[in-house]
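This briefing goes through a single protein model, topic by topic, for a reader who has the sequence and coordinates at hand. It begins with the charged side chains and then turns to the nonpolar cores, a helix and the strands.

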Amino acid sequence: EDADYHNAVFVGRDSNGNTRHIHKRSTMSGSTFKGNAEASDPEFSFNWRGHSNRLFVFEAPIDMLSYISLHPNGWQKNSYVSLCSTAGIAAIKMLQDNPHINTIYLCLDNDNAGNVGSEKIAEKIHSIGDYEVWRLYPENKDWNEDLISIKEQEIKNKITIGGI
């Protein structure tokens, strides 16, 4: 969290643990602010490096964390990267730095920008090597909306079941 505006701050580090990218997102209700700090290197956006052969690619850090919350079993073994956009720069860097990865899941938003971005990223990935690329779609616009929807339904079910 930053001190001035209380934005959530997502830090991207290189394989040596050095901070190379900072993405901020507002935590204030109704605010849509999000953006990268000046001098952030898009190759090193918010990520997690696992040891499996799978990489999951997201538009935003909050969607990456929401997806992990929806699929928590063994999440640490996989690699994850948030692009902080629909450009595939960070995904390509993850593949270059992690030659054991050969299966990529494009988990961008379920909207025009996410669909077009996924197609472009898939083309780029196929142009640099022999990778298996899959597209995973959230039910709603993005993975955070899916998580919110599920949590809201759980609350409704508890109220219905526990009501007097």
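In this predicted model, K141 is partly exposed, with a relative accessible area of 35%, whereas D142, with which K141 forms a salt bridge at 3.5 Å from N to O, is buried at a relative accessible area of 11%. The pair does not stand alone, as D109, K141 and D142 are linked in a network of salt bridges. Searching the whole structure gives five salt bridges, and two further ones are described below.

**Salt bridges**

- R20 and D14 meet through their side chains in a salt bridge, with a distance of 3.2 Å from N to O.
- Within that pair, the arginine R20 is partly exposed, its relative accessible area being 31%, while the aspartate D14 is buried, with a relative accessible area of 9%.
- D97 and K93 form another salt bridge, in which the closest N and O atoms are 3.3 Å apart.
- Both D97 and K93 belong to helix α2, which covers residues 89–97, and they are four residues apart, or about one turn of the helix.
- Here the aspartate D97 is partly exposed, with a relative accessible area of 31%, and the lysine K93 is buried, because its relative accessible area of 17% falls under the 20% limit for a buried residue.

**Nonpolar cores**

- The largest nonpolar core consists of 17 residues, and those with the most contacts inside it are L55, V57, I104, L106 and I125.
- Two or more residues of this core come from each of β5 (54–58), α2, β7 (103–106) and α3 (112–128), and the element that gives the most is α2, with five residues.
- Leaving aside residues up to four places away in sequence, I125 touches I92, L95, I104, L106, Y131 and V133.
- Another core, of eleven residues, lies apart from the largest one, and its members include F10, F58, Y67 and Y80.

**Helix α3**

- Helix α3 has 17 residues and reaches 25 Å from its first C-alpha to its last, which is close to the 24 Å expected at 1.5 Å a residue.
- Its buried residues are G114, G117, S118, I121, A122 and I125; they lie on the same side of α3, because they cover an arc of only 140° around the axis.
- This buried set packs against α2, β7 and β8, the last of these being residues 132–135.
- On the other side of α3, the exposed residues are N112, E119, K120, E123 and S127.

**Strand β6 and its partners**

- Strand β6, residues 79–82, is covered on both faces, with S79 and V81 buried on one side and Y80 and S82 buried on the other.
- Strand β4, residues 47–48, runs antiparallel to β6 and is joined to it by two bridges, with W48 having Y80 as its bridge partner in β6.
- Strand β5 pairs with β6 in the parallel sense, over four bridges, and F56 stands opposite Y80.
- Y80 thus appears in several of these descriptions: it is the bridge partner of W48, it stands opposite F56, and it is among the members of the eleven-residue core.

Note on methods:
Residues are numbered from 1 along each chain as its sequence is written. This is a predicted model: local features need pLDDT of at least 70, side-chain atom pairs count only at pLDDT 80 or more; totals for chains, interfaces and linings use all residues. Side-chain values use heavy atoms; hydrogens and water are left out. A salt bridge is a side-chain nitrogen of Lys or Arg within 4 Å of a carboxyl oxygen of Asp or Glu. Buried means under 20% relative accessible area, exposed over 50%, partly exposed in between (1.4 Å probe, protein chains only). A nonpolar core is a set of buried Ala, Val, Leu, Ile, Met, Phe, Trp, Tyr and Cys residues joined through side-chain atoms within 4.5 Å. Contact means heavy atoms within 4.5 Å. The expected span of a helix is 1.5 Å times one less than its number of residues. The arc is that of the directions from the helix axis to the C-beta atoms. Two strands pair if DSSP finds at least two bridges between them.
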